Amino acid sequence: MTEPLDVAKLQRRLADFAAARDWQPYHTPKNLVAALSVEASELVEIFQWLTPEESTRVMDDPDSAHRVTDEIADVLAYLLQLCEVLDVDPLTALDAKIDRNERRFPAP
């Protein structure tokens, strides 16, 4: 039986992957943010000319679904690596942001 995934394990795998290839010198906050932006743009590109209705069905096509899934993974990988380098716990950051948004935008 495989162990369940969690953010810390994924961050460790990403760090080990980069270390095995001597990529750590390139994983500066500036470079990781740039790479994150590029990957997010690649995700946008998939949806760029779709109608709103087509965009809701993008996962119905296996080729499109694969592309979307890969780009989401790339975005998440760079975001997790950035969090690791900056010592930000992404789940704690998100939880705090949701709290602030709930105060800022109360439900009617």
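This is a tutorial dialogue on reading surface and side-chain features in a predicted model.

Student: Where should I start with the charged side chains, and how many salt bridges are there?

Tutor: Start with the cut-off: a side-chain nitrogen of Lys or Arg has to lie within 4 Å of a carboxyl oxygen of Asp or Glu. By this rule the model has two salt bridges. In one of them, the side chains of R12 and D16 meet at 3.2 Å, N to O. The other joins K9 and D6 at 4.0 Å, N to O.

Student: How are R12 and D16 placed along the chain?

Tutor: Both are in helix α1, four residues apart, or about one turn of the helix.

Student: Are the partners in these bridges buried or exposed, or something between?

Tutor: The class depends on relative accessible area: under 20% is buried, over 50% is exposed, and partly exposed is in between. R12 has 46%, so R12 is partly exposed. D16, at 42%, is partly exposed as well. In the other bridge, K9 has a value of 33% and counts as partly exposed, and D6 is partly exposed at 34%.

Student: Which residues form the positive surface patch?

Tutor: A patch takes residues with over 30% relative accessible area and no salt bridge, and like charges are joined within 9 Å. Here K97, R100, R103 and R104 form the positive patch. R104 belongs to helix α5, residues 90-104. The relative accessible area of R104 is 60%, so this residue counts as exposed.

Student: What about nonpolar side chains at the surface: which residues make a patch there?

Tutor: For nonpolar side chains the joining distance is within 5 Å. F17, W23 and Y26 make a nonpolar surface patch of about 350 Å². F17 sits in helix α1 and is partly exposed, at 41% relative accessibility. W23 is also partly exposed, with 37%.

Student: How many aromatic pairs does the structure hold?

Tutor: One. The partners are F17 and W23, with 5.5 Å centre to centre and 70° between the planes, an edge-to-face arrangement. The label follows from the angle, because planes over 60 degrees apart count as edge-to-face. F17 and W23 also belong to the nonpolar patch, together with Y26.

Student: Now the backbone. Why would a positive phi catch the eye?

Tutor: Because most residues other than glycine have a negative phi. One case here is D22, which is not a glycine but has a positive phi of about 55°. D22 lies in the loop between α1 and α2. At 56% relative accessibility, D22 is exposed.

Student: What is the phi of D87, and where is this residue found?

Tutor: D87 has a positive phi of about 60°, again without being a glycine. The residue is in the loop between α4, residues 62-86, and α5. With a relative accessible area of 71%, D87 is exposed.

Student: Back to the loop between α1 and α2: what can be said of P25?

Tutor: P25 is placed in that loop, with α1 spanning 7-20 and α2 spanning 29-47. The relative accessible area of P25 is 60%, so P25 is exposed.

Student: How far is P25 from L14, eleven residues away along the chain?

Tutor: Their C-alpha atoms are separated by 14 Å.

Technical notes: Residues numbered from 1 in each chain as written. Predicted model: local features only at pLDDT ≥ 70, side-chain atom pairs only at ≥ 80, totals over all residues. Heavy atoms only, no water. Areas by Shrake-Rupley, 256 points an atom, 1.4 Å probe, with all protein chains shown as cover. Lys, Arg positive; Asp, Glu negative; His and termini not counted. Charge placed at Lys NZ, Arg CZ, Asp CG, Glu CD. Helix = DSSP H or I, 4+ residues; strand = E, 2+ residues; numbered from the N terminus. Buried < 20%, exposed > 50% of the residue type's maximum accessible area, 1.4 Å probe, protein only. Phe/Tyr/Trp six-rings, centres within 6.5 Å; stacked < 30°, edge-to-face > 60°.
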